[in-house]
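Here is a friendly walk through a multi-chain model, from one helix pair out to the chain contacts and back to single residues. Please keep the viewer open as you read.

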Amino acid sequence: MADQTTDVLVIGAGLAGVEASLVLANAGRKVYLVERQAYFGGNVIKSEEVFPNLECATCMIAPKQSDVIENQNVELLTLTEVKDVRGEAGAFGVTLLRRARYVSLENCIGCAACFEPCPVTAANEFEEGLSQRKAIYVACAGALPNAPAIAMGECLRSKGEECTACRDACMFDAINYEDKDEEREVKVGAIVVATGYRLSGAGLPDRLENVYNAFEFERLRASNGPTEGEIRTRDGKKPKSVALIHCAGRREKGYCSQVCCRYLAKFARYAFDKLEGVEVHEFIQEVSVPGKDSQRFLETALEKGVKLVRTKAVPGISANGSGVRIEFQANGKSESDEVDMAVLAPAIEPGSGAAALAELLGIETDGFGFFRTAGSEPATATRPGVFIAGCNSGPKDMQTVVIQAEAAAAGVLKMNHKDTETGPGEETQERPAGSGDG
Amino acid sequence: MAGSFEPNIVGFLCNWCSYAAADQAGSNKLEIPATLTTIRVMCSSRVNPVLLVAAYLRGADGVLVAGCHPGDCHYQTGNYNARRRFALLRGILDVLELDPARFRLSWISASEGKRYSEVTKEFSSHIAGLGPNPLRTRPFIE
Amino acid sequence: MKGKRIPVDGSVNDTLRSVLALLLKATDAVMVPSRIPSKESFAYLLIRDPKLLEAATPLAPVMPVQGARALQSMGRGRGGLPGILCVLRPCEARAAIELFKRNQVDLEDVLLLTIDCPGAFPTRDYLGNPEEFDRRFEEILQGKQDDGLRPDCKSCVGFSLQEVASDVHIGLLRGKPGEVAVVHRSDRGERLLADAGVAGDDGISDWEAGVEKEARVRTGARDSAFQEMKGRAAGVDGFEKLFADCVNCHNCMRVCPICYCRQCFFDSGDSVRLRAEDYFARAQHRGGIRFPGDMMQFHVGRMYHMALSCVACGACEDACPMDVPVSRVFAFVGAGVQEQFGYAPGRSREEAMPMTTFKEDELHAFEDAGGISAPGTTETQSGKSKDQDSEGKVE
Amino acid sequence: MGKIGLYLCECGPNIAEAIDLDRITAEIKKDAKVAGIERFKLLCSEDGKRFVTESIKERGYERVVIAACSPKQHQATFEQVVANAGLNAHVFQMVNIREQCAWATPDKEQATSKALRFIRAAIGRVRYHWPLEQKEIECSPDTIVIGGGTAGIEAALRIAQKGRKVFLLEKDEPGGTRRDREWMAARVDALRNNPLIEVYEHCKIRELLGFFGSFVAHLETREGNEVQLKAGSVVLATGAVAFDPTGLAGYGYRELEGVSTVREFEKAASDASDGHPKSVAVIHCVGREKLGYCSGTCCVEAMRVARRVKEASAETEVTEFYRDLCLPGTEHDRFYHETAKTGVRFVRFRDIDVAREGPGLVVRYRQEDGSSGSVVADAVVLSAGVAAGPANAEFARMFNIPLDEHGFFQSEHPVLNPVGTVTEGVFVVGGCRGPAGALDATAQAGAAAGKVLSALVPGRRLRLETRTSEVAEALCVGCGICVAACAYGAATLNEDRHIAVVNEVLCRGCGNCAAACPSGAAQHRQFTTRQMDQEVTQILR
């Protein structure tokens, strides 16, 4: 079979994509790691500390990121998306679209001299709009690759003006306004889909002054975030009371996102660490902390003085001056609470464009839009040669993501050995979910 | 920095957390005092306190050791060993009243560029306050 | 506590010899300080022939060789060899246990016998007039005070079975007629005494009371000795004065029972020694530097390496040709850091050495993790770490 | 020492404008330690790299110092450049005068003095750099899998392939407790029919020696034969055990007839043909306080009991007593609602007590709001979590893998390396590393397979870390302090020679042992005491 290849395409360079790529590259496989954003690392790098040891996420991920950058077998393609997939397992033809960065990764040395002169300011998406950036920018301090990109839609040049402020500031002629989107063809034998998740808007109240979602709160706590790690309300005040609201959107979506109870316990600890004498109220229906490390983690938060309120349903939230009013049913009575800040745990749903990508790849999704795994295979998609890693097949904690990513890599490494064991496509005896006690 | 006295401070930074924090501080153009010169080690547990003594004897006005926060060590538990060793050295210097305040152990994670800048600035002015290492002008003890 | 009371017959050493003779029946060999025929010095003998016990001087007026070093010099891996009963002063036994923890002595077939220690004279004083000092030592064994003992001995609080994990101990009930009390401190010790027929359960509370009384006196002496050291050693000035006469002979390290390294870090080429050009650069930098160099580096560095295990035996000071009060400084520093880590050298064979273990939640006074506050003061430190028995890491 | 070449990178204006490179050049010339000083606009550019390679060759430098950006940016780049010039990559030292000088110290005068100290330190140390050899060792691509439950079988099936054998060791028979179930039977067949997998059932593991790349297992077969197996990696899949509620107050397990665990109840149900119970109570979270964690799979299993009962006889009353419903993932909320629809009653309790009264059992409960109630049942089913297997302790000793407070194996890192352990080449999957449903166990098996397949490739040699530690035999007295310091079991005592030795396959190069060793026998390559002392000295000269 002439056009057979063992090269691999990994879609999405978050925790899952990075892990799968490194395992495959170390096995000697050539890996195309495509990332839609201008930076890689995914949602993980938004966190200051992560479960279960409250380790600094940046410190954890940075070594893996530099492995990716230095590994000869991995070609990291940022600002790149998959446009078309043809062929079959062992011989896929893939069309990639690389969107213009307008900054040469070869020439740019990341000195950041170009930011300051840029006259355009816009809300920084990475910081959940909690801070401003320029039209030429990096997502956050330490973002990799260490080079900015221009949001051409915002750049004055796109409005017909002859602004060359950033190019004038650059001593390495790294700025190229003529940069164009480019299509590129690659041939791969297998595809690992690691497109990650986003927080769902389902069941959330309309934007309220001091109500935050999980990502926003993470950025507030991040030392490299908009407030340099200080938890402040939008008007810059130290909140005296914080409400943590579980299961926002669980009823609407119809599933438990399973990591929220743990990260809200972490948020409680953030609050106690950063806000002297703060009151933390958690509004919860069911405590769901599976796993050997979780219970202790939750208890530590409770010991620090979290007030746990078991409510019949997700509380109602409304603005109350600069504060937040919370109305809920507990022990059969209607009650209410006033806090300075409320943090919601929205449902976790597949990253944007998952449906289109599933279409493109010819793989099935479940009723919730998550990619379906084949039978009892934890990392195999419903099409031979396509594998799945990360939260795009359902909510997971970080270690489960890494485990699935490594399993996906195993699936790829196994593919070309049908001569012995049955190929992954066939390893799909149906088994009742969660059957047995492990 | 107070007064005309320019301290000379030696810092040992672990590769994975504190060195990365120092780089981040620089990348964000945050000030790192000119008085601090750093030595990169893979882990704070590599820092042999005997080297800290050597630094002091050779006239260092201050000595800083910085590593990953407890629990974050890239090598499992190295920083716990480092802390014990540092504590033992400090204990000896305390008993002998040999400038224990010139020695500092800090945990600074890779994302704490700002804190790295703050800690080093604070330590530098703290040392400036203590004045020069007396050994600088003591030819007879080596 | 119970033990066997044995009336002193002849001199204390005579009595101890007769006890040893009994014990030698139940073991293969006895290792004991013995008088060299020249009559003017003492050395350890490994005795298998009971006749040789004649020369044995379980309590010698001087300590020319630290017993733990004698034991260490035998090497390890004696597994399966004949058993040995090693007669040691408590400080020597403590050192032996510290060496055991460092794999330097093998206690598998070795039993440690400690004896209430009357102290020892400075070796150089003794050699000046052996007869005189032999006489004075006999009087000490009768309970007489003597100010000529080595400073460390006069302020020694571990002269009896305090904090020493020996197998058998012999207590001295001074005065006339004297008695000795033989007690076991371990199961193996108990078996030995039983086999040798020296077991017994006579009450010995009078001896224990005596030890307590003496300990109170010694503690007072030690506190004032430390007070004095605190004054003398304080700061760079103090250190310079204390070690002014040091000639870098490193005898203190060579005789130290805890300094077990094959070659001292501070003697080795790959240590912190410099090249001539670097010394020159430094001389330029500070106007001039002392040679031979690295004096302070050596002493402070050695403290870092052994102070936690320092048993204050005084061997280093005894060996110093320049009368530097080495052991008094080291004992002073040792006591400080041993308290800091809640560690007592020689107290137990199982207790892990502080530098080989850790706890996840400890010693916060020495770190700054959250804010940018300076580390705490000595008081808060020892306060912080008092409660630590330094056994393995938590969870 | 060799001729030292110093390279100064201007990094465009980044360094050139913030630091007075002329003064640096002059001062370093004065020190007379270097043979030449080269300056370039941007060393990391293609021109720059070429310039370095060529000038090293031309000028015959034997040691190289490059003062530029952070080693985290370009250490690897310049190691390659130095190697291209025909030198060993390790006779090179990089100096960070950008991030930690030029960018962090606004005053040019001060920044220059600081950069000078950094550069002098590097020159001082590079004089003591020696070539380090990139070692490689032969290794076996085969794998030993210990445990024949879901995790073990799935790992074996995923690893076995052309050029790789798998030895599956099982004390009993593959398939474990679920041998009878159809899907499991199919997997056991796949296992037995795989020509590349050797199954050793009913065998005892006598001893396991060696390290990553070459492990040796001595085992005793059912027939009592000694078998020796060699492999490059080991997968531990020794499973977990169901928590045993015996003696747990309030449940009456083993005291009251009609009280059983889920497994016992299911078995009885499948055997018994006679009539159906009128009422069944299922109690969740049995023993959770004692275990100290939520096993994550029991709530669903408890509901599955209810479903089976209802399927057998719709009129049987079923009550599920729970504390919190743990229904992680996308499938289980639906499963819960469907279960509720079948008429199963869900009661949240805080305290519960089971007693026998006359013919039936009575379950008395109190709720969080203090209200209480009771339910009469013919059968009470206890849904308990899973606990760590008793065998873990022994394997933990064998492989020097720490156990967590619950007795499960600890991963090397819970997130970064969840199925790896501190002992390189030994992986933990399934129940032995924590509560895991069959799907989790399968995923973990896949993860271990991924790690094995990529780490050990048939015909490929294992490349070792170069900056490892070594022990100078002449200086070592075998005190073992370095052994206590090493978290990876790389430093061990050689009892015959009474010295410590470092296994370079296991050493991760942290240097902990070098700082622990009082005699200086343990040394950390590229971070030797002398190299670091030189940095200190030159900074302070």
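In this predicted model, helix α6 of chain D, residues 108-126, packs against helix α17 of chain D, residues 529-540. Their axes lie 8 Å apart, and the angle between them is about 145 degrees. The crossing of α6(D) and α17(D) is right-handed. On the α6(D) side, the contact is made by Arg117(D), Arg120(D), Ala121(D), Gly124(D) and Arg125(D). From α17(D) come Gln531(D), Gln534(D), Glu535(D), Thr537(D), Gln538(D) and Ile539(D). Sorted by class, this helix contact has five polar, four charged and two nonpolar residues.

Just ahead of α17 in chain D sits a residue worth a look. Gln526(D) is placed in the loop between β28 (522-524) and α17 of chain D. Its phi is near 75 degrees, a positive value in a residue other than glycine. Gln526(D) counts as partly exposed because it has 18 C-beta neighbours inside 10 Å.

Let us stay with chain D a little longer. Its domain assignment lists domain 1 (4-132), domain 2 (143-239 + 389-455), domain 3 (260-384) and domain 4 (465-525). Taken over C-alpha atoms, the centres of domain 2 and domain 3 of chain D are separated by 34 Å. Gly370(D) lies in the loop that links β19 (360-366) and β20 (372-377) of chain D. With 8 C-beta neighbours inside 10 Å, Gly370(D) counts as exposed. Between the C-alpha atoms of Gly370(D) and Ala83(D) there are 75 Å, and along the chain the two are 287 residues apart.

Now to the contacts between chains. Which chains share the most contacts among the five pairs that touch? They are chains A and D. This contact takes 64 residues from chain A and 71 residues from chain D. On the chain A side, α1 (15-26), α2 (57-70), α7 (294-303) and α9 (398-415) each supply at least two residues. Of these, α9(A) gives the most, with twelve residues. Chain D also touches chain C, in a contact with 22 residues from chain C and 19 residues from chain D. There, helix α11 of chain C (residues 276-286) gives the most to the chain C side, with four residues. Chain A and chain C, by contrast, are joined by no contact, and their closest C-alpha atoms lie 9 Å apart.

The make-up of the two sides by class can be set out in a table.

| Side | Nonpolar | Polar | Charged |
|---|---|---|---|
| Chain A, touching chain D | 27 residues | 23 residues | 14 residues |
| Chain C, touching chain D | seven residues | eight residues | seven residues |

What about the interior? In soluble globular proteins, nonpolar side chains tend to be buried together. The largest nonpolar core here has 506 residues. Val192(A), Ile92(B), Val65(D) and Ile66(D) are those with the most contacts inside this core. The largest share of the core comes from α9(A), with twelve residues. Ile92(B) reaches across to chain C: leaving aside its neighbours within four places in sequence, Ile92(B) is in contact with Val300(C), Met303(C), Tyr304(C), Ala307(C), Val333(C) and Val337(C).

Chain A has some local details to offer as well. The peptide bond from Phe51(A) to Pro52(A) is cis, with omega near 0 degrees. Pro52(A) lies in the loop between β3 (49-50) and β4 (55-56) of chain A. Phe51(A) is touched by Tyr263(A), which also touches Ala214(A), not counting residues up to four places away in sequence. Tyr263(A) belongs to helix α6 of chain A, residues 260-274. Is Tyr263(A) buried or exposed? It is buried, because 22 other C-beta atoms lie within 10 Å. Tyr263(A) and Ala345(A) are 82 residues apart in sequence, and their C-alpha atoms are 8.7 Å apart in space.

Glu128(A) is found in the loop between β8 (121-123) and β9 (132-134) of chain A. Its phi is near 55 degrees, a positive value in a residue other than glycine. With 21 C-beta neighbours inside 10 Å, Glu128(A) counts as buried.

Finally, chain C has a cis peptide bond from Phe291(C) to Pro292(C), with omega near -10 degrees. Pro292(C) is in the loop between α11 and α12 (295-306) of chain C.

Methods
Residues numbered from 1 in each chain as written. Chains lettered and ligands numbered in written order. Predicted model: local features only at pLDDT ≥ 70, side-chain atom pairs only at ≥ 80, totals over all residues. Contact = placed C-beta atoms within 7 Å. Nonpolar A, V, L, I, M, F, W, Y, C, P; charged D, E, K, R; others polar. Core = buried A, V, L, I, M, F, W, Y, C linked by C-beta atoms within 7 Å. Buried ≥ 20, exposed ≤ 12 C-beta atoms within 10 Å, placed from the backbone. Domains from an automatic or database assignment. Axes fitted to C-alpha atoms, helices over the stretch in contact; angles between N-to-C directions. Left-handed = near helix turned anticlockwise from the far one by under 90°.
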